Amino acid sequence: LIYLRSIKTYFYNDDDFQWNYSVARAATGEYKEAEEGLLLIQNEKFRQEYSYISWLCRCYIMNAKPRLAWEMYLRMETSDDSFNLLQLIANDCYRMGHFFYAAKAFDVLERLDPNPEFWEGKRGACIGLFQMVIAGKEPRDTLRDVLATLRQTNNPQCEFIIRIIRKWAKENGVTRLG
């Protein structure tokens, strides 16, 4: 990274350099700078590779822009790469506390593959989002999405979680949950 920093002024418009420099920065936790560098890459061949897309999504998530990562996933065609990207989005969003997009990603993963870990991630993300609503860090109308996501699962725990959310909503004047 020290060497790359020393030569960056000479290779500012070089896509190969920007790729290497940006990935190195992302790997060391410099996500803001990595995102900026990745967005400078002009070569469409680079921009369509899974590694480019996944690093950019990770940068978006780490820079508190999970919606942009989700939109990148939505533009992909169904493939092993899109499944892998969905896992990256689900896990990174969960880790960063972006529970809305974590819940959406785990919900899709659960529908594609009934792995119990996907249900556990979805459950945790939904409860995390509920907790954020209670703390006033997410809008209350987000609970509608939480309930809709939970209703798509045939797990007995869903009804219990739904009852708790509805009870809290009723006690706190939240209406129109659907």
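**Close-up 1. The lining of the second largest pocket mixes seven nonpolar, two polar and four charged residues.** In this predicted model, the pocket has a volume of about 170 Å³. Of the 13 residues that line it, Phe-100, Lys-104, Asp-107, Asp-145 and Thr-149 are the closest to its centre. Helix H8 (99-112) and helix H10 (142-151) each chip in at least two lining residues, and H8 gives the largest share, with six.

**Close-up 2. The largest pocket holds about 250 Å³ of space.** Its lining includes Leu-39, Gln-48, Tyr-52, Tyr-60 and Arg-75. Helix H4 (44-47), H5 and H6 each hand over at least two residues, with H5 providing the largest share, four. Sort this lining by class and you get seven nonpolar, one polar and three charged residues.

**Close-up 3. Cys-57 sits in helix H5, which covers residues 50-62.** Is Cys-57 buried or exposed? Cys-57 has a relative accessible area of 0%, so this residue counts as buried, the cut-off being under 20%. Looking past its neighbours within four places in sequence, you'll find Cys-57 in contact with Ala-69, Met-72, Leu-85 and Leu-88. Met-72 also turns up in the lining of the largest pocket. Thr-149, from the first close-up, is 92 residues from Cys-57 in sequence and 23 Å away in space, C-alpha to C-alpha.

**Close-up 4. Ala-64 lies in the loop between H5 and helix H6 (66-75).** Here's a little oddity to look for. Most residues other than glycine have a negative phi. Ala-64 isn't a glycine, yet its phi is positive, at about 60 degrees. With a relative accessible area of 54%, Ala-64 is exposed.

Note on methods:
Residues numbered from 1 in each chain as written. Predicted model: local features only at pLDDT ≥ 70, side-chain atom pairs only at ≥ 80, totals over all residues. Heavy atoms only, no water. Buried < 20%, exposed > 50% of the residue type's maximum accessible area, 1.4 Å probe, protein only. Contact = heavy atoms within 4.5 Å. 1 Å grid on protein atoms, 1.4 Å probe; cavity = no way out; pocket = protein on both sides within 12 Å on 5 of 7 lines; lining within 4 Å. Points joined across faces, edges and corners; volume = space filled by probe spheres on them. Nonpolar A, V, L, I, M, F, W, Y, C, P; charged D, E, K, R; others polar.
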